[in-house]
Amino acid sequence: MNFRIIDNGVTAPKGFKANGYKNGKYGVGIIYSEKNCTGAGTFTTNKVVAHPVRISKEVLKNNRDRLRCIVVNSGNANCFTKNGYEDGKRMISKTAELLNIPEDSILIASTGVIGRKMPMDTILSQIEETYKRLKEESNNYNFALSILTTDRFPKTLALEFEVDGRKVRIGGTAKGAGMIAPNMLHATMLSFITTDIKIDPEDLKVVLQDVVDETFNNIVVDGDTSTNDTVFILANGESGVRYEECPELFKDALHYICRELAKMIVMDGEGSTKMMEVVVKGCASKEDAIKASKSIVRSLLVKTALYGGDPNWGRIAAAVGYSGAEMDMKVMDIVISDYKREVYLVKDGDPIDEESEEFKVAEKIMKNDKIKIVVDLKMGKYKNTSYGCDLTHDYVTLNSEYTT
C-alpha cells in the first residue's frame with residue numbers, strides 16, 4: 001500500500017471535528033469542518049425515500065462547495081412520517097444556530113424505525129448535548145457510537161499518504177447490520193467520509209460513485225434495501241494537496257477505506273457469525289461478473305450452508321446459473337479457501353469426490369469465520385468481488401422482534 005493506517009476516523013483529516021451523544025435508543029452525531037468543503041453523496045434507490053435523503057439531495061444540488069457539517073440521528077428513520085420533512089429541517093436549523101453556520105451548508109441523515117413520528121424534543125436536546133461535547137473535544141469514537149442501531153460494534157478507519165512531503169488524510173465511519181443489499185441500495189447503511197484534499201465537486205462526485213459501486217454496492221447481508229441509505233464525503237482542502245496531483249492514489253485510498261468499512265458492515269450483519277468474500281472471474285462482461293458474484297452472496301441456500309459449515313458447491317453453482325451470467329457448467333471452477341488453504345470443489349466442470357481427503361479439508365475450511373469463494377467461468381477476462389455473511393437463527397430472532 002502507498003498509504004498507512006492511522007487513528008481517529010473522521011476526525012483524522014485536518015480541520016474536521018466530530019462528537020456524538022447516545023441515550024437509550026436515540027442518538028445524535030455531528031461532523032463539523034472549520035472551513036468550507038466540497039461534498040458529494042450517494043443514496044438509496046428505494047422508492048420509499050426517507051425525508052433526510054430528500055433534504056440532503058436538495059442541499060447537494062444547490063450547494064456542493066460550501067458545506068460545513070453533517071448531522072445524524074439514530075433510533076428513528078424519519079421515513080413515511082407526517083411532518084417528517086419539517087422535522088428534518090428543524091434538526092438542521094438547530095444545528096446551524098448552535099454552530100453559527102448557514103442552514104444550506106448542513107447535510108442530514110437518519111437511521112432507525114420507519115413510520116414513527118420523530119421524537120423532536122429528544123432529538124433537539126441531543127443535538128444541544130452533542131454540540132456541548134463538540135465544543136469541549138473532538139471524539140470520533142463518540143460519533144461512531146451515536147449512530148448505531150442494531151450494530152454490535154462501531155466501524156471506523158482512517159489513513160494517510162504523502163504527496164511531495166505533504167500529508168493527505170481520509171477518515172471514515174459507517175453503521176449498518178441489517179437491510180443491506182446491493183446498489184446503494186442498502187442497509188440502513190450509512191457511511192460518512194472526510195478528507196483534507198482539495199477537489200472539485202464534480203470530480204468528487206464521480207470518484208465517490210465509482211468507489212461506492214465497487215465497494216458498498218457489492219455487499220449483502222439480507223437482500224433488503226433500506227429507505228435511508230447514504231454515503232457522504234466532505235473535502236475541505238486543508239492539506240494543500242490538489243486532487244489533480246494524485247488522482248489514482250486518492251482513489252485507491254478512498255477505495256480501501258470504503259471497502260474495509262463495507263467488510264465491517266458485513267461482519268456485523270445481524271446475527272451473523274461468518275463472512276464470505278466471493279470472487280467471480282473469467283466472465284464475458286463486467287455485468288456478468290457483478291450478476292454472478294452478487295447472486296452467490298444473496299443466495300439464502302449459500303448463506304445457510306456457510307452457517308452450517310457445509311461445502312455445498314451445488315448451491316454456489318446454482319446461484320451462478322440463475323444469475324443471468326453467461327456460463328458453461330462443463331468448464332467452470334469453484335474454489336474455497338480460508339486464506340491459508342484452498343480446495344477445488346469443482347475443477348473444469350468435474351466435482352470433488354465427497355469421500356476424498358480434499359473434501360475433508362473443505363469441511364474444515366468451512367468451519368472458519370472468514371471464507372473466500374472463487375468461481376472461474378472461463379468465458380472472458382472480467383471479474384468482480386462481492387461480500388456477504390451467513391444467515392443464522394439469531395437473524396430471525398432479531399428481526400421478528402423489531403418494529404417496522
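Helices (H or I, at least four residues) and strands (E, at least two) are taken here as DSSP runs numbered from the N terminus, and that numbering serves for every stop on this tour. The model is a predicted one, in which local features need pLDDT of at least 70 and side-chain atom pairs count only at pLDDT 80 or more, while totals for chains, interfaces and linings use all residues. Residues are numbered from 1 along each chain as its sequence is written, and side-chain values use heavy atoms, with hydrogens and water left out.

**Colour by confidence**

Begin by colouring the chain by pLDDT, the predictor's confidence in each residue on a scale from 0 to 100. The average over the protein is 92, and 92% of the residues score at least 70. Then select residues 178-187, where the pLDDT is below 50, although this stretch has 60 contacts in the model beyond near neighbours in sequence; a contact means heavy atoms within 4.5 Å.

**The second largest pocket**

Next, select β16 (382-389), which gives four residues, the largest share, to the lining of the second largest pocket. A pocket, on a 1 Å grid over the protein atoms alone, is an open set of points with protein on both sides within 12 Å along at least five of seven lines, whereas a cavity is a set of points where a 1.4 Å probe fits but cannot get out; lining residues have an atom within 4 Å of a point. Grid points are joined across faces, edges and corners, and a volume is the space filled by probe spheres set on the points. For this second largest pocket the volume is about 230 Å³. It has 15 lining residues, and those closest to its centre are Glu-214, Asn-218, Lys-286, Asn-384 and Thr-385. Add α5 (201-214), α6 (247-267) and α7 (286-298) to the selection, since each of these, like β16, supplies at least two residues of the lining. By class the lining has two nonpolar, seven polar and six charged residues, where Ala, Val, Leu, Ile, Met, Phe, Trp, Tyr, Cys and Pro count as nonpolar, Asp, Glu, Lys and Arg as charged, and the others, Gly among them, as polar.

**The largest cavity**

Move now to helix α8 (residues 300-308), which with three residues gives the most to the lining of the largest cavity. The structure holds three cavities of 30 Å³ or more, and the largest has a volume of about 70 Å³. To display its wall, select Val-302, Ala-305, Leu-306, Asp-310, Pro-311, Asn-312, Ile-316, Ile-336, Leu-345, Met-366 and Ile-373. This lining comprises nine nonpolar, one polar and one charged residues.

**Two serines**

Select Ser-56 in helix α1 (residues 51-62). Ser-56 is buried, with a relative accessible area of 0%; buried means under 20% relative accessible area, exposed over 50%, and partly exposed in between (1.4 Å probe, protein chains only). Leaving aside neighbours within four places in sequence, Ser-56 is in contact with Phe-43, Leu-107, Ile-108 and Phe-232.

Ser-74, in strand β4 (residues 67-76), likewise counts as buried at 0% relative accessibility. Its contacts, not counting residues up to four places away in sequence, include Lys-22, Tyr-26, Thr-111 and Ser-146. For a sense of scale, draw the C-alpha to C-alpha distance from Ser-74 to Asn-368, which is 33 Å across 294 residues of sequence.

**The loop after β4**

Continue into the loop between β4 and α2 (84-99), where Asn-78 is found. Most residues other than glycine have a negative phi. Asn-78, however, has a positive phi of about 50 degrees, and Asn-78 is buried, with a relative accessible area of 0%. Asn-83 is placed in the loop between β4 and α2 as well, and has a positive phi of about 65 degrees, but Asn-83 is partly exposed at 40%.

**Two cysteines**

Select Cys-37 and Cys-69, whose sulfurs are 9.8 Å apart, too far for a bond. A disulfide is a pair of cysteine sulfur atoms within 2.5 Å, and by this rule the count comes to zero. Cys-37 is buried at 1% relative accessibility, and Cys-69 is buried at 0%.

**Last stop: Leu-157**

Finally, select Leu-157 in strand β6 (residues 155-163), which counts as buried at 13% relative accessibility. Apart from neighbours within four places in sequence, the contacts of Leu-157 include Ile-5, Gly-9, Ile-170, Tyr-256, Leu-261 and Met-264.
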